[in-house]
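Biologist: Could you put the model up, so that we can talk through some helix packing?

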Amino acid sequence: MKLFSRFMPSSGMRQVPKSVTIHAVLLAYTVIALFPIVVVVINAFKERRAIFRDPLGLPDSSSFTLVGFEQVLLRSDFGLYSWNSLIVTIVAVGLVLLLGAMSAWALTEYKFKGNLLITFLFAMGIMIPIRLGTVSILSLMVNLNLVNTLTALVLVYIAQGLPLAVYILSEFVRTIPKELTEAARCDSVSEYKIFFCVILPLLKPAMATVAVFTMIPIWNDLWFPLILAPGEETRTITLGVQQFVGQYVTDWNSVLSALTLAIVPVLILYTIFSRQLIRGLTSGAVK
């Protein structure tokens, strides 16, 4: 047995190839995910001819230009578009987090008639894309006189993000020890105070995860702003970029510059929530 054990690879040696494979796959996925962003950013600082001549090349002294950014800031109301996107994203994400946490707490903590049905409906909301109901949503917004308003976008994005938020937060609520809530009830603490003072602080990592997963689709969405809020005063960034895309001629410098400016707020928000996001994903994996 000792003779065979000398030639058998140890557990540490067996783990090395597996670890290298996992890191290689993750690195490849990272490169694939970042490649389009890098291409957009480097071409935003290049002349039109340089973009088509060498799209993967870095800008140099002969091809570097800021004409795209100048056109975006001078020819369009980019500040208003950014403000609209920011308002819609912050309000929608905030309400998704609040309503999602409350719904997850109610469905997990309390047993009542219709509990299973409501949980099933939220699950259906994850499986069925909300865009399938675009015609009905547009008809509803017309009847409510909400077309060309940011309120219409906020309501749609809440409905879009709430099912996934409830699902993720429910899993975290189940991991909270029952002794915490039982001790609070023994001290005559109200249910509202238990939720806001005991449960909500414990859900911060999970809420950061939900915030990132909800924020990015809202910020990048073009469909619902085009359908529900195409007016000049209610345009978002993604819809505002479309004015530089013509039927016959496209101002690629302006398009790439606008997309580059649109990436910046997402990167800032992701940097702020990155630590909480990692904690939420790690906690979810461990639990």
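Modeller: What follows is a short talk about one helix and two of its packing partners. This is a predicted model, in which local features need pLDDT of at least 70 and side-chain atom pairs count only at pLDDT 80 or more, while totals for chains, interfaces and linings use all residues. Residues are numbered from 1 along each chain as its sequence is written, and side-chain values use heavy atoms, with hydrogens and water left out.

Biologist: At what angle do α8 and α11 pack?

Modeller: Helix α8 (residues 150–175) and helix α11 (residues 204–220) pack at about 160°, with axes 10 Å apart; axes are lines fitted to C-alpha atoms over the stretch in contact, and angles run from 0 to 180 degrees between N-to-C directions. Helices here are DSSP runs (H or I, at least four residues), numbered from the N terminus. The two are therefore roughly antiparallel, a term for angles over 145 degrees.

Biologist: Which residues of α8 and α11 make the contact?

Modeller: Among them are Y157, L164 and F172 of α8 and M207, V210 and F213 of α11, where contact means heavy atoms within 4.5 Å.

Biologist: Switching topic, how many residues of α11 are buried?

Modeller: In α11, 12 of the 17 residues are buried, so this helix is largely enclosed by the rest of the structure; buried means under 20% relative accessible area (1.4 Å probe, protein chains only). The buried residues include P205, A208 and W219.

Biologist: And how do α5 and α11 cross?

Modeller: The axes of α5 (residues 78–109) and α11 come within 9 Å and cross at roughly 145°. S82, V88 and L97 are among the α5 residues in that contact, and M215 and W219 are among those of α11.

Definitions and conventions:
Angles under 35 degrees count as roughly parallel, over 145 as roughly antiparallel, 65 to 115 as roughly perpendicular and the rest as oblique. Buried means under 20% relative accessible area, exposed over 50%, partly exposed in between (1.4 Å probe, protein chains only).
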